[in-house]
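Reader: I have a model on the screen and an hour to spare. Can you walk me through how to read it?

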Amino acid sequence: MLKGKRILLVISGGIAAYKALELIRRLRERGASVRCAMTKSAEQFVTPLSVASLSGEKVATDLFSLTDEAEMGHIELSRDADLLVVAPATANILARMASGLADDMATTLLLATDKPILVAPAMNVRMWVHPATQRNIGILKQDGVAFVGPNDGEMACGEFGPGRMAEPLEIVAAIEEQFGRPQPKHLTLVQPAAGSRTASVAPLQQDLKGRRIIVTSGPTHEPIDPVRYIANRSSGKQGHAIAAALAARGAEVTLVTGPVNLPDPSGVTTVHVEAARDMFSACFLRLPVDAVVCAAAVADWRVAVEAPQKLKKSGDEPPSLRLAENPDILRAIATTDAKRRPALVVGFAAETEHVVAYAQKKLVAKGCDWIVANHVGEGSGTFGGDENTVHLVRRDGVEDWPRMSKADVAARLAERIAGFFSAGGKTGARVKSAGKKA
Ligand SMILES: Cc1cc2nc3c(=O)[nH]c(=O)nc-3n(C[C@H](O)[C@H](O)[C@H](O)COP(=O)(O)O)c2cc1C
């Protein structure tokens, strides 16, 4: 869809400017040509040399450059594009655009065009919810400017809320939709409540509406006899938070949970199970769905033969327990037939050492698409705690997330899942058997 399209990318001076580099790559690999203009502030974050190297084109920075004007005048540059994209769009450039200012190369190009404009705002949450920014956005919307994002999540400044730039693939999807209107739902702005200056009241985008997602959570209890069982230390806090975060974005969520001391999250259908085999059936019964997040700490083994009555001390040797392997829920879902396999299968890996390396192996061995790998070593406080340190391991790379609350991990994962679907929902990892590389 983007083959042969000419995109003029305006990069303004926000911390997310580095993501513009990936955006250029993603657009070019889809056959678009990308010319770039940068504000002076943007040059503080990424160099024109990197932008020129990735775009394969000279970068427009200086309005009064005689050589640039002689080669391709700014009016021509602006009119030559099929679409202008501003990513990241700072609060400052939005204000300048809304006021019709043309005081540097970037804003002059944006004013001198009659082509559609798409902006991807990126800023601190307080800047985003400020009435001035919201007023400018209202003006730009009236002028026909389209928006993608921003997303909710933790920001470079450490605050949480709306203001993070949409991911490069989400911007690509929004650009594709610009070329194939009508406007999609996710170009709709997240609008904070009138007069609000706080992030918490801003409604989340309902970008998972219509998606059916299963989340597993908690430990499993593997019975030894009617009163005893084998268990693990999982509290279910992370899985429950993920179910709630997905539901908050509009997904129809079924939470299949082992025994936990947590209330059922609201807006979620919760199915309570005890043992791994019950969890397995509860999940399989509900396929097909769009995505599965296997956050439960499922016991690898159960007692091969459950005693029908309570085992009694006999005074002789203590009884020995023979173990049998439990079904591997993650692997079974990831490698099931194409009709039932969800587009996205996310597993969890709890490791005490070599966390990322083991997770990468697990990704391949299970045939799943993403692994959320977390540290559960001594002193990590992960089991039962309210915080987590995770890495999102995908086939094409690893994201190291800073230590954050389990609710924030859940919100960030939900955002990634929404991004996955808005970018077309393809992992290229529809493997038939474990171990096969995508
Ligand atoms: C480290 C740092 C990060 C910044 N990140 C952002 C940002 O993400 N969004 C934003 O609107 N402004 C951000 N700013 C402020 C802008 O750089 C500043 O408003 C600048 O005037 C924007 O210029 P421009 O819109 O012409 O690029 C940041 C400033 C600094 C020093």
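Author: Start with the ligand. This is a predicted model. Sort the shell around the ligand by residue class: 8 residues are nonpolar, 7 are polar and none is charged.

Reader: Which residues come nearest to the ligand?

Author: The shell has 15 residues, and Ser12, Gly13, Gly14, Ser41 and Thr90 come nearest.

Reader: Which helix gives the most to that shell?

Author: Helix α5, residues 91-99. It supplies 3 residues of the shell.

Reader: Now the overall build. How many helices and strands are there?

Author: The protein has 14 helices and 22 strands. It has 438 residues, and 45% of them count as buried.

Reader: How do I read contacts along the chain?

Author: Take the contacts with a separation of 6 or more. Here 70% of those are between residues 24 or more positions apart.

Reader: Let me pick a strand. Is β1 mostly covered or mostly open?

Author: Mostly covered. Strand β1 spans residues 6-11, and 5 of its 6 residues are buried.

Reader: Which strands does β1 pair with?

Author: Look for bridges, then for direction. β1 is joined to strand β2 (residues 33-38) by 6 bridges, and the two run parallel. One residue to find there is Leu8, which stands opposite Arg35 in β2. β1 also runs parallel to β4, with 4 bridges between them. On that side, Val10 has Val86 of β4 as its bridge partner.

Reader: What links β1 to β2?

Author: Helix α1, residues 17-29. Together β1, α1 and β2 form a β-α-β unit, and the unit is right-handed.

Reader: Next, a whole sheet. In what order do the strands of the open sheet lie?

Author: Read across the sheet, not along the sequence. The order is β13-β12-β9-β14-β17-β18-β20-β21, which makes 8 strands with mixed pairing. The edges are β13 (269-272) and β21 (397-400), each paired on one side only. Ignoring direction, neighbouring strands in this sheet are turned against each other by 15 degrees on average.

Reader: Do β20 and β21 run parallel or antiparallel?

Author: Antiparallel. Strand β20, residues 390-394, is joined to β21 by 4 bridges. Val393 stands opposite Val398 of β21.

Reader: Now the backbone. What should I expect of peptide bonds and phi angles?

Author: Most peptide bonds are trans, and most residues other than glycine have a negative phi. Look for the exceptions.

Reader: Where are the cis bonds between Ala87 and Pro88 and between Leu287 and Pro288 placed?

Author: Take them in turn. The cis bond from Ala87 to Pro88 has an omega of about -5 degrees. Pro88 is in strand β4, residues 83-89. That is the strand joined to β1 by 4 bridges. The cis bond from Leu287 to Pro288 has an omega of about 0 degrees. Pro288 sits in the loop between α11 (276-285) and β14 (291-294).

Reader: Which residue has a positive phi although it is not a glycine?

Author: His354 does, at about 45 degrees. Look for it in the loop between β17 (344-351) and α13 (355-366).

Reader: Why does His354 count as exposed?

Author: Count neighbours. A residue is exposed with 12 or fewer other C-beta atoms within 10 Å of its own. His354 counts as exposed because it has 11 C-beta neighbours inside 10 Å.

Definitions and conventions:
Residues are numbered from 1 along each chain as its sequence is written. This is a predicted model: local features need pLDDT of at least 70, side-chain atom pairs count only at pLDDT 80 or more; totals for chains, interfaces and linings use all residues. A residue is near a molecule or strand if its C-beta atom, placed from the backbone, lies within 6 Å of it. Ala, Val, Leu, Ile, Met, Phe, Trp, Tyr, Cys and Pro count as nonpolar, Asp, Glu, Lys and Arg as charged, and the others, Gly among them, as polar. A residue is buried if 20 or more other C-beta atoms lie within 10 Å of its own, exposed if 12 or fewer, and partly exposed in between; C-beta atoms are placed from the backbone. Two residues are in contact if their C-beta atoms, placed from the backbone, lie within 7 Å. Two strands pair if DSSP finds at least two bridges between them. A crossover is right-handed if, with the strands pointing away from the viewer, the path from the first strand over the helix to the second runs clockwise. Axes are lines fitted to C-alpha atoms, for helices over the stretch in contact, and angles run from 0 to 180 degrees between N-to-C directions.
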